[in-house]
Amino acid sequence: MEQAKQTLSSPHNLQENLSHEHILILDFGSQVTQLIARRIRESGVYCEVWPFNQADEEKINAYNPKGIVLSGGPCSVLDKDSPRVPDCIFEMGVPVLGICYGQQVMVHQLGGVVEGEENKTDGSREFGRAFVDITEDSRLFSSDQDNKKWAKGSKEQVWMSHGDHVATLPEGFKAIGKSDGAPFAMIAHEDKNFYGVQFHPEVVHTTHGAALYKNFTHIICGCSGDWTMASFREEAIEKIRKQVGKSKVVCGLSGGVDSSVTAILLHEAIGDQLTCIYVDTGMMRAGESEQVVELFRNHYNIPLIHENCEDLFLGKLDGVSDPETKRKIIGSTFIDVFDDCATRIGGADFLAQGTLYPDVIESVSFTGGPSVTIKSHHNVGGLPERMNMKLVEPMRELFKDEVRALGRELGMPEEFIARHPFPGPGLAIRMPGEITREKLEILRAADTVYIDEIKKAGLYDEIWQAFAVLLPVKSVGVMGDGRTYEYVCALRAVTSTDGMTADYYPFEHEFLGRVMTRMINEVKGINRVVYDITSKPPGTIEWE
């Protein structure tokens with residue numbers, strides 16, 4: 001995917017015209033750096049995440065941030081060749097907030113002392129929930145004085161994850177908060193607007209963490225909060241028109257939120273220059289293909305090719321049970337079909353994809369990890385270089401929750417915007433083992449019953465993702481005084497903020513009993529129902 005990699009290779013080209021106030025986040029490898037960006041954007045301030053080693057003085061000056069956040073990270077500042085902050089950052093006169101490793105590296109580079117955990121005689125490492133006592137007044141706290149959040153004398157619940165600790169502060173710094181294991185849990189150099197915290201305000205376990213970020217962006221950095229979906233919509237339309245001109249664009253629809261919002265935004269920008277292609281693999285949920293066609297062709301009047309390829313896909317998957325092989329077959333067949341459809345349209349110079357900002361961040365990871373691989377079905381990966389097309393990625397600045405907000409701004413039906421994530425290979429990976437028409441029909445019916453009961457109970461919006469899995473085993477049952485030997489259905493429902501980690505949803509037993517009763521009565525082919533209570537990690541959300 002050389003062309004796609006080139007498009008995603010730099011974090012510095014997201015906005016050609018930086019028309020909004022913006023914050024720069026330097027990533028030192030924390031697993032929750034993306035949450036920092038989400039917290040800041042929730043307060044209406046645009047921000048970008050850059051790997052620390054791709055941020056030189058020229059690029060930072062050109063970006064001209066209102067403030068800079070230094071993320072956490074897995075390294076120790078005492079390690080040889082551990083990450084460092086570009087020295088220019090401390091000389092720019094711009095407010096800086098260091099988080100965990102970010103606090104320690106700032107202290108270390110400015111002349112303070114950081115000690116390793118082996119030098120802690122009291123064994124006071126801190127991992128998980130802790131409490132910080134606010135000991136001094138600070139401008140970092142000023143916006144929440146009325147509510148007594150982050151105010152002198154208050155005690156705040158936070159989430160810690162550190163072994164090393166700050167032992168001596170650099171000149172000009174003072175402690176403004178302490179915990180049992182960190183006497184310098186919060187520090188400030190008020191004259192230079194340098195601040196540091198040993199904990200992670202971005203995670204939900206830090207009770208008022210979002211308020212602390214807002215204090216930094218709005219009070220310390222002076223941001224007004226001008227980042228809105230209304231302004232993004234206007235600017236994105238202008239950019240699309242500038243990039244595309246009079247050219248034709250093709251967009252692969254999966255029926256999911258990302259591709260749907262991409263398509264509607266593009267259509268608003270360029271009208272009939274856009275043609276959407278919906279490759280129906282025959283492995284969608286019940287009624288899903290009909291809903292996609294109705295919404296895009298009949299409601300929005302977007303030119304749409306609906307390619308029904310159920311026989312083709314099922315033929316190629318006949319007898320295949322290995323999950324990776326199934327994914328590869330579905331992905332390569334999808335590309336063949338999509339390419340054929342685009343050729344029939346003719347004359348398209350651009351391919352639209354629903355690439356999101358997490359994809360961009362992952363593609364430039366400073367750790368040297370693999371470049372982002374666009375999902376082979378959902379984001380039609382492998383097509384740009386094969387079809388010699390340029391990419392249009394209008395949502396590559398957005399997180400998933402922002403995509404949903406943009407969908408609402410565009411007036412999309414709520415049932416589309418709020419839909420749970422659905423995998424590109426569809427029901428094929430919710431059916432371990434071989435795929436048959438009979439099993440697909442059983443799974444569709446089971447999934448329909450399950451989701452219907454979740455919605456009736458008013459739980460759909462509380463759950464990140466819920467679905468049924470048809471297991472490749474049968475069990476003995478008794479129905480109407482007769483013996484049955486039918487499939488086992490597993491139910492899965494998880495809560496999550498971003499899909500990176502997840503926990504099972506704690507349904508009441510009465511609810512699970514209702515689902516089981518309906519499923520056994522209404523779905524022929526299932527005689528046993530189980531509930532999956534595995535978290536992620538150690539499991540994954542999907543079964544394959």
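This report walks through the fold, one strand and its partners, the nonpolar cores and the cysteines of a predicted model.

## The chain overall

Let's start with the broad numbers. The chain is built with 16 helices and 20 strands. It runs to 544 residues, and 58% of them are buried. About 22,800 Å² of surface is exposed, with carbon and sulfur atoms supplying 47% of that area.

How do the contacts spread along the sequence? Take the contacts between residues at least 6 apart in sequence: 77% of these join residues at least 24 apart.

## Strand S18 and its partners

Strand S18 covers residues 482–495, and ten of its 14 residues are buried, so this strand is mostly covered. S18 pairs with strand S17 (residues 465–479) through twelve bridges, and the two run antiparallel. Within that pairing, Ala 466 sits opposite Ala 493 of S18.

S18 also pairs with strand S20 (residues 526–531), this time parallel, through five bridges. Here Cys 489 is set opposite Val 529 in S20. Then there's strand S19, just residues 503–504, which is antiparallel to S18 and joined to it by two bridges. Val 494 has Tyr 504 in S19 as its bridge partner. As a general point, side chains in a regular strand alternate between the two faces of the sheet.

## Nonpolar cores

Which residues touch the most other members of the largest nonpolar core? That core has 125 residues, and the best-connected ones are Phe 296, Tyr 450, Ile 454, Leu 491, Phe 507, Met 519 and Ile 526. Apart from this core lies another one of 39 residues, with Ile 25, Ile 40, Leu 97 and Val 197 among them. It is a general tendency in soluble globular proteins that nonpolar side chains are buried together.

Phe 296 is worth a look on its own. Setting aside neighbours within four places in sequence, Phe 296 contacts Leu 253, Ser 260, Ala 263, Ile 264, Asn 301, Ile 302, Leu 304 and Phe 416.

## Cysteines

How many disulfides does the model have? The count comes to zero. Cys 221 is in no disulfide: the nearest cysteine sulfur belongs to Cys 223 and is 5.4 Å away, while the cut-off is 2.5 Å.

Is Cys 221 buried or exposed? Its relative accessible area is 8%, and because buried means under 20%, Cys 221 counts as buried. Cys 88 also falls under that 20% limit, so Cys 88 is buried at 9% relative accessibility.

Conventions
Residues are numbered from 1 along each chain as its sequence is written. This is a predicted model: local features need pLDDT of at least 70, side-chain atom pairs count only at pLDDT 80 or more; totals for chains, interfaces and linings use all residues. Side-chain values use heavy atoms; hydrogens and water are left out. Buried means under 20% relative accessible area, exposed over 50%, partly exposed in between (1.4 Å probe, protein chains only). Helices (H or I, at least four residues) and strands (E, at least two) are DSSP runs, numbered from the N terminus. Contact means heavy atoms within 4.5 Å. Accessible areas come from the Shrake-Rupley method with a 1.4 Å probe; for residues, only the protein chains shown count as cover. Two strands pair if DSSP finds at least two bridges between them. A nonpolar core is a set of buried Ala, Val, Leu, Ile, Met, Phe, Trp, Tyr and Cys residues joined through side-chain atoms within 4.5 Å.
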